[in-house]
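User: Could you walk me through this structure? I would like to start with the metal site.

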Amino acid sequence: MWRFVHVSDPHLASTRDGVWNNQFLCSMMSDVMACLRHDLTQVDPDFLLVTGDIVSHRSRDSVIEARDALDGLGVPYYPMGGNHDYYNMESRGWFLEAYDSHLPTPNTVYSFVHKNLRFCVLDPWWVWQDNSLMPFPDPEIEEQQDTDLRNMRWALPPEQFVWLESVLNAHPTMATCLAVHYPVLDIPDRLRQPEYKNAGALENGDLLLNVLSKYPQVKAIFCGHLHTNVITRRNGIAQITTSALPEYPVEYREVRVYEDRMEIHTHGLSDPAFAARSLIPGREYTRGEEEDRTTVIPFA
Ligand SMILES: [Fe+2]
Ligand SMILES: [Fe+2]
């Protein structure tokens, strides 16, 4: 058995606090990261999977500062970008520059193998109001994304379908996980509260799932963006959406990988004060229900 850890949406290098579904406290992230560093020494993962929204503030210096904060955890990691990382072409360049030594290839779309598991990391683009697909948002709506994602849309570009299928066709037997910032499956009805702020899912998620149904080696999709713990399943694939580190429940996923299965276990930090500071009473639902916290994903 070996382990990796899934963390998401750390929104580093920012002092901006606000409210999403709970208090969204970027200003506590340096203390959160120090506690996480300590806690990871107990879990001893082989690597971290960081599913996007790594940085919040829009500058090259912030991207480097966020990279340094991740490096400070002392564990190898695989980064990917989210809507807060890729908001113009320049920011995409900063991402590639900052994570040069962490990316297997100098690309935001990549694949790697660790022991008995393959990972494919995807990079959805933005759907503009005229339905064109672009690697950065419509400048008219980009500024509002700190507070409101209602007009934001994302989809996987056709080129990445071609790339993904070429990888899956070439390696049909090894259990494979996808990793992508945006959920492929939308949040299930059971977790939708009347006031729930839904950050959204991939617009062509159903198409992606139809393609994946041809590839039974794909077992799981790891994602973030919702700032909520959710585990959903379709066509034999489990989607693990992990909550954001600056927001209740301030948790991470430990993934135990065996020869015949993966197990997902969800943990809060050893200092519960971060989660307590963020919680708005009545909005505990971002923690997920029991089925969103622990599950077994068989490989056979
Ligand atoms: Fe986020
Ligand atoms: Fe996001």
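User: Which residues coordinate the iron ion (ligand 2)?

Analyst: Happy to help! This is a predicted model, where local features need pLDDT of at least 70, side-chain atom pairs count only at pLDDT 80 or more, and totals for chains, interfaces and linings use all residues. Residues are numbered from 1 along each chain as written, chains are lettered from A and ligands numbered from 1 in written order, and side-chain values use heavy atoms, without hydrogens and water. Donors are N, O and S atoms within 2.8 Å of the metal (3.2 Å for Na, K and Ca), and sites may look incomplete since water is not among the atoms. At 2.1 to 2.3 Å, the coordinating residues are D53 (OD), N83 (OD1), H181 (NE2) and H225 (ND1).

User: What is the arrangement of the four donor atoms around the iron ion (ligand 2)?

Analyst: Four donors count as tetrahedral if all angles lie between 85 and 135 degrees, and as square planar if opposite donors are over 155 degrees apart and all others between 65 and 115; anything else is irregular. Here the angles run from 89 to 161°, so the arrangement is irregular.

User: Which residue bridges the iron ion (ligand 2) and the iron ion (ligand 1)?

Analyst: The two iron ions lie 3.5 Å apart. The bridge between them is D53.

User: Are N83 and H225 buried or exposed?

Analyst: Buried means under 20% relative accessible area and exposed over 50%, with partly exposed in between (1.4 Å probe, protein chains only). By that cut-off, both N83 and H225 are buried.

Technical notes:
Tetrahedral: all angles 85-135°; square planar, octahedral: opposite > 155°, others 65-115°.
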